[in-house]
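Please examine the structure shown below together with its sequence. The report that follows describes how its parts are arranged.

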Number of protein chains: 2
Amino acid sequence: MNKTPQKTVERLIQYRRIVQQMRDAGQEKVFSHQIARVSGASPAQIRRDLMGVGYSGSPAHGYIIHDLLQGIYEFLGLTEKKGACIVGLGSLGRAILGYFHEQNPVLKIKAAFDTDPAKTGIVFHGTLCHPASDMASVIRDKEITVAILTVPVEQAQQAAQQLVYAGIRGILNYAPVVLDIRPDIFVENRDMIQAVEKVAYFSK
Amino acid sequence: MNKTPQKTVERLIQYRRIVQQMRDAGQEKVFSHQIARVSGASPAQIRRDLMGVGYSGSPAHGYIIHDLLQGIYEFLGLTEKKGACIVGLGSLGRAILGYFHEQNPVLKIKAAFDTDPAKTGIVFHGTLCHPASDMASVIRDKEITVAILTVPVEQAQQAAQQLVYAGIRGILNYAPVVLDIRPDIFVENRDMIQAVEKVAYFSK
DNA sequence: ATATGTGAAGGTTTTCACAGCA
DNA sequence: TGCTGTGAAAACCTTCACATAT
């Protein structure tokens, strides 16, 4: 089996949200060009992306939204009850926690960690903050596979190592540093300053 | 002139930070394999990326850090005094503002906007919050080209239109919606829930 | 000897274009 | 008709490999 490109996965995540909104609005069927109008991708791109999902539409009525959604969910592995955690409850960490709490996504943040004793034991936006030293046991007990890393840059490498030791499989890293960890751990870097500089470059 | 790929620009931004740290540590010269070790990219990739910058190293001593930095700065357009603004001072907006204030990046956030009268007129992390209705004049006066969009999802489209009208050239969008605006405006989407789902997918 | 710059090869992703279907 | 699924082409990006420089 040949692996699906990152870009395709990103778009499938997007299509899932768009199609889900259409379903919530009472729509039952959808054509690729309708998803295209809302997502910005071309109809051909969408059809190509959906090839990997294992559900086919029909030329007559397009895609049955219920079945399409189920296909994307299964493909993305969102049916299994995976969980995420967040490490570092500074203002960015707490903002992300609040954002997830409001939006109520499929993938829940099941635990938070911080080294500050003033924060541990407290519930932030519905999520309990554990001491960082409990990482391994909490991550194992709650079956957490993914971590959001929002600690200050000086602590990021050390926290990442702790997470890997605790059995995490992927890290969403907001610290402006390239983490040096095992290559089988998936890392997505989301430094905000880098993002603004990128936008600035392409804004001319 | 053929345009540089997005991926290359992202890496150049990263190299700039890495090399700058080396300079701050007193280093004067650097080889591609040294940048490679810290950035995760291959030496060949780095040399290829640097081709577009217009500064050449030498096989004898690699790259002179001072000159390399200047080349990257010029290439990225960071020498001109561009500015950014942030729209929406909820907890995420304020967290990003605080993060920029601490890290003190080259590209500064020169203004903030919010519709809440309780926030306008107040300085957050060194940046004054203006009423959203003043967008056009403030953006023109302060020569702001880029906006960070951190408003709730329901307001994102409308705020984006206001920004475009105010003359912005690029938007870093944290709201989980695809903005429908002029195609000559560069948009980078950074929805956090999408990011976590992506990491979850690739974590197996 | 060791590192750079780059043409060429290799790999990946997007777009095109059309057969086939309801 | 107007859509889907998909080979084939095109565009894009990365890696290889080597001439060149010191």
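Which residues are the closest to DNA strand C, and how many surround it? DNA strand C is surrounded by 25 residues, and the closest are P5(A), P59(A), S32(B), S56(B) and P59(B). A residue counts as near a strand if its C-beta atom, placed from the backbone, lies within 6 Å of it.

The model is predicted: local features need pLDDT of at least 70, side-chain atom pairs count only at pLDDT 80 or more, and totals for chains, interfaces and linings use all residues. Residues are numbered from 1 along each chain as its sequence is written, while chains are lettered from A and ligands numbered from 1 in the order in which they are written.

**The DNA strands**

Helices and strands are DSSP runs numbered from the N terminus (helices are H or I with at least four residues, strands E with at least two). At DNA strand C, at least two residues each come from helix 1 (6-24) and helix 3 of chain A and from helix 2 (32-39) and helix 3 of chain B. Helix 3 of chain B gives the most to this surface, namely 6 residues.

DNA strand D also has 25 residues around it, and the closest are S32(A), S56(A), P59(A), P5(B) and P59(B). Here helix 2 (32-39) and helix 3 (43-51) of chain A, with helix 1 (6-24) and helix 3 (43-51) of chain B, each supply at least two residues. The largest share, 6 residues, comes from helix 3 of chain A.

The table gives the classes of residue on these two surfaces. Ala, Val, Leu, Ile, Met, Phe, Trp, Tyr, Cys and Pro count as nonpolar, Asp, Glu, Lys and Arg as charged, and the others, Gly among them, as polar.

| Surface | Nonpolar | Polar | Charged |
|---|---|---|---|
| near DNA strand C | 10 residues | 11 residues | 4 residues |
| near DNA strand D | 10 residues | 11 residues | 4 residues |

**Helix packing in chain B**

Two packed helices are described by the angle between their axes and the distance between the axes. Axes are lines fitted to C-alpha atoms, for helices over the stretch in contact, and angles run from 0 to 180 degrees between N-to-C directions.

Helix 2 of chain B packs against helix 3 of chain B at an angle of about 110°, and their axes are 8 Å apart. Helix 2 of chain B is therefore roughly perpendicular to helix 3 of chain B (a word used for angles of 65 to 115 degrees). S32(B), H33(B), I35(B) and A36(B) of helix 2 meet P43(B), I46(B) and R47(B) of helix 3 in this contact, where two residues are in contact if their C-beta atoms, placed from the backbone, lie within 7 Å.

The axes of helix 1 and helix 2 of chain B cross at roughly 105° and come within 10 Å. Helix 1 of chain B and helix 2 of chain B are therefore roughly perpendicular to each other. Q14(B), Y15(B), I18(B) and V19(B) of helix 1 contact I35(B), V38(B) and S39(B) of helix 2. This contact has 5 nonpolar, 2 polar and no charged residues.

**The two chains**

A turn of 180° and a shift of 0.0 Å along the axis lay chain A on chain B with an RMSD of 0.1 Å, with copies superposed by least squares on the C-alpha atoms of residues with pLDDT of at least 70 in both. That is the relation of a two-fold axis. The same surface serves both copies, as 100% of the contact residues of chain A recur in chain B.

The contact between the chains takes 48 residues from chain A and 48 residues from chain B. Among the elements of chain A that each supply at least two residues are helix 5 (91-103) and helix 8 (192-202). Helix 8 of chain A has the largest share, 11 residues.

Conventions: Angles under 35 degrees count as roughly parallel, over 145 as roughly antiparallel, 65 to 115 as roughly perpendicular and the rest as oblique.
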